[in-house]
Amino acid sequence: MGKTADLTAVQKAIIDTLKQEGKTQKEISERIGCSQSAVSRHLSGKSVGRKKCGRKRCTTRRGDRTLRKIVEKDRFQTLGDLRKQNIQSHRVQACAGNGLQVPHSPGQATFEPETAAEAPDLGYREAALDCCSVREMPKCLKSSVKYPQSVMVWGAMSAAGVGPLCFIKGRVNAASYQEILEHFMLPSAEKLYGDEDFIFQHDLAPAQSAKTTGKWFTDHGITVLNWPANSPDLNPIENLWDILKRKLRDARPNTLDELKAAIEASWASITPQQCHRLIASMPRRIEAVISAKGFPTKY
């Protein structure tokens, strides 16, 4: 049962007056319309400083104002983005209060292919809202559709940058995957490596682990990385696909052609420095997986 509302100042004054007139607690409670226990607590002094029920506030009123300003800048930010900006804002305020300056944090590469699906959002969806009046504002609505169009994409990366994308139609089997390798992977390898040897990493999907696919790599003299299945934290291109999706978050394609164009533009904007950082993280990834004994890691 929830806690009843606290007595108002007027009710407390009436209780004191009626008590002086010799009224009983039952008569007083019936007179002012509250429980007899509430009258008893007031007369005994137990209602003073009574603890409030419910969950404690996570933020101060100043923090609420700061968070509101962050949300109003972009109402479609994710919870992680809001938390990050809120923490940075508190750090800036703390450093400013203390008179401090906020610091500004600024081999053989593995060649990796992957497939990914992207889809546009069209229609209406609610964003970060805090009251009913704001909920109906056009700037707080985001377009979406129930069945958005999507495309399957193959791409490759190395420490030197990314290769060209391949948009895939239909399902991928061993034969179609080998065609992708022939017409997209080999030109990408020549562009990124020249005549140098490289190690190729790909998923262990049926089309990629087929015997005919293994023979294709042997015939072309390409070394394939032997790595455990179901280990996305050991495949840096998974992080690259996440970067691509974040770049596409603000894109508003209305057709499949516009979606493909947006994907190609976002893919082309990925810098060699980003790819190099991901490849350079492989030793740390391996150490993290070993330390976690095979369980999920932060990567």
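How far should the 13 residues of helix α11 span at 1.5 Å a residue? The answer is 18 Å for residues 256-268, and the end C-alpha atoms are indeed 18 Å apart, which agrees. The expected figure is 1.5 Å times one less than the number of residues, and helices here are DSSP runs (H or I, at least four residues; strands are E, at least two), numbered from the N terminus.

Before going on, some ground rules. This is a predicted model, where local features need pLDDT of at least 70 and side-chain atom pairs count only at pLDDT 80 or more, while totals for chains, interfaces and linings use all residues. Residues are numbered from 1 along each chain as its sequence is written, and side-chain values use heavy atoms, with hydrogens and water left out.

Back to α11. Its buried residues are Leu259, Ala262, Ile263, Ser266 and Trp267. Seen down the axis of α11, these buried residues fall within an arc of 130° (taken from the directions from the axis to the C-beta atoms), so they line one face of the helix. An α-helix has 3.6 residues a turn, so residues three or four places apart point the same way. On the other side of α11, Asp257 and Ala268 are exposed. Buried means under 20% relative accessible area, exposed over 50%, and partly exposed in between, with a 1.4 Å probe and protein chains only.

Two of those buried residues, Ile263 and Trp267, turn up again among the best-connected members of the largest nonpolar core, which has 20 residues; Met157, Val162, Leu240 and Trp241 are listed with them. Such a core is a set of buried Ala, Val, Leu, Ile, Met, Phe, Trp, Tyr and Cys residues joined through side-chain atoms within 4.5 Å. The elements giving two or more residues to this core are β4 (151-158), α10 (237-247), α11 and α12 (272-280), and α10 gives the most, with 5 residues. Leaving aside neighbours within four places in sequence, Trp267 is in contact (heavy atoms within 4.5 Å) with residues including Val162, Leu240, Trp241 and Leu244.

Now for the rings. The structure holds 4 aromatic pairs; rings of Phe, Tyr and Trp (its six-membered ring) pair if their centres lie within 6.5 Å, with planes under 30 degrees apart counted as stacked, over 60 as edge-to-face and the rest as tilted. Tyr193 and Phe198 are stacked, at 5.2 Å centre to centre and 15° between the planes. Tyr193 is buried, with a relative accessible area of 11%, and Phe198 is buried too, at 13%.
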